[in-house]
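I opened my notebook to write down, step by step, what I looked up in this structure. I kept the entries in the order in which I asked myself each thing.

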Amino acid sequence: MRDDMMPTAGQAWLQAVEVELASLGAGDRLEIIDGLRAHILDAVDSGDDVTTVLQRLGTPASVAEQATSEFESAPKEQPAKSRRALPLLAIAFTIVAAILITFLPSYLATSVFDAASDPAPPPMTESTAEDIEVTYDTPSAEQLEAVADNEISEDEYLQGFESYRACLAAEGFEIVVKEPRGDLLDFAIPDAAVQAGADARCYGSDFKQIDILWQQAHAETSDTVALLSDCLRTRGITPSGDVTELENQVRELGLLPSDCN
Amino acid sequence: MVSNERITANLRKGLVEFCVLAILNGGSTYGLSLANRLQADGLIGNESTLYPLMARLLAAGLVESEWIPSDAGRPRKYYTLTAQGSEALISFRSSWATLRDAVDRTMEEVATR
């Protein structure tokens, strides 16, 4: 797979989906992104306009909702969802948002980045409202202040996490904190908190934008990079470059990124 | 009043994966082709729903994937049914035939009352 053939809007859309899929395991997430990437490239190769292709696929948030539903309906192997694997972003998040907003119809750029500027959900017809449940983040004033300068200090990151943890605690759910992975906090959220929607509410309100900016700035310690790097090292290959280059290195071995799970 | 779309969406859950296995039983294919066929048959609402499903089938060992060079020059990701997937499909066919007949019988009995 050559990512240089992927239109910019497609790359931005995939990265937004990857962010939205944070609650899935790294292997599943890579596999879904891999399939979507192949789908977009094949559709564009067949002569379809990339904007049309992305419109047909839906918003990153709706793709994530379907993915979560798919894996929730399957037999559960873990009692709690891990948030440790929020993915690496190769392009600055603000640029991704700008690209999406520039190139795609406004309704395609939802939830993660535009909630602050457009808190009101678009009007929906009765049938769509019944079939699609979209979560709109309402970031707290503290979170908005922390991300206002587009940089997150360690204090802001830890404070944001504590607010998120307190928000979930107030709803009766306890986050399980694990050993940090590099600069990233590693923790698991009770499945019941996800099912009840409390996780989406609290994460969106207190931590999501902070978490994304922090992980973007500390991408070299991301779980995806660690997973792919370990995979290469165990096969005697020295990992190098960003996540795309690591994925290409894995493919050169005749493996899929998901084989590294 | 439950909409037709909601009824269809609920019914499709749990069935689509076996339709995917059945299509792959006829030969390996790539995601776009699979998505187009399922959507044309009304088996999926949105093309993107296919890929989480394929990820789950891959993780379960019912399907495997491989990048194969295409005429266009760029490799395509092909999905293939595994022996385990083939067994799952056989089990489903049997269960489905029984369930389908039972539902049909029930619907006919209610309709004739």
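**Entry 1: where the chains meet**

I noted at the outset that this is a predicted model, and I began with the contact between the two chains. I asked how many salt bridges the rule finds across the interface of chain A and chain B, and the search returned 5. I then picked out one pair, A:D42 with B:R76, which form a salt bridge whose closest N and O atoms are 3.4 Å apart. Since a salt bridge here requires the side-chain nitrogen and the carboxyl oxygen to be within 4 Å, I could see why this pair is accepted. I also looked up the polar contacts between chain A and chain B, and there are 11 residue pairs, with both residues of each pair at pLDDT 80 or more.

Next I asked which elements of chain A give two or more residues to the side that touches chain B, and I wrote down α2 (26–45), α3 (50–57), α4 (60–73) and α6 (126–131). Of these, α2(A) gives the most, with 12 residues. Sorted by class, this side of chain A holds 13 nonpolar, 4 polar and 10 charged residues.

For the extent of the contact, I recorded 27 residues from chain A and 26 residues from chain B. Between them the two chains bury about 2500 Å², and 56% of that area is on carbon and sulfur atoms.

**Entry 2: chain A as a whole**

I then turned to chain A on its own, where the secondary structure comes to 12 helices and 3 strands. The chain has 261 residues, and 52% of them count as buried. When I took the contacts in chain A between residues at least 6 apart in sequence, I found that 71% of them join residues at least 24 apart.

**Entry 3: the disulfide**

I searched the whole structure for disulfides and found 1 over all chains. It is formed by A:C167 and A:C202, whose sulfur atoms are 2.0 Å apart, and with -70 degrees about the S-S bond the link is left-handed. What does this pair tie together? A:C167 lies in helix α8 (residues 154–170) and A:C202 in helix α10 (residues 198–217), so the link joins parts of chain A that are 35 residues apart in sequence. I also checked A:C202 for exposure, and this residue is buried, with a relative accessible area of 0%. Another cysteine, B:C19, is partly exposed, at 23%.

**Entry 4: residues in and around the helices**

I stayed with helix α10 of chain A, where A:D199 is also placed. Is A:D199 buried or exposed? Its relative accessible area is 6%, and because buried means under 20%, A:D199 counts as buried. I added that the C-alpha atoms of A:D199 and A:I189 are 7.6 Å apart, although the two residues are separated by 10 places along the chain.

In helix α7 of chain A I looked up A:Q143, which is buried with a relative accessible area of 0%. Leaving out residues up to four places away in sequence, A:Q143 touches several others, among them A:Y203, A:F207 and A:I210.

**Entry 5: an asparagine in a loop**

My last look was at A:N150, in the loop between α7 (141–147) and α8 of chain A. Most residues other than glycine have a negative phi, whereas the phi of A:N150 is positive, near 65 degrees. A:N150 is partly exposed, with a relative accessible area of 41%.

Conventions: Residues numbered from 1 in each chain as written. Chains lettered and ligands numbered in written order. Predicted model: local features only at pLDDT ≥ 70, side-chain atom pairs only at ≥ 80, totals over all residues. Heavy atoms only, no water. Contact = heavy atoms within 4.5 Å. Buried area = accessible area lost by both parts, 1.4 Å probe. Polar contact = N/O pair within 3.5 Å; in protein donor to acceptor, adjacent residues only side chain to side chain. Helix = DSSP H or I, 4+ residues; strand = E, 2+ residues; numbered from the N terminus. Nonpolar A, V, L, I, M, F, W, Y, C, P; charged D, E, K, R; others polar. Disulfide = S-S within 2.5 Å. Buried < 20%, exposed > 50% of the residue type's maximum accessible area, 1.4 Å probe, protein only.
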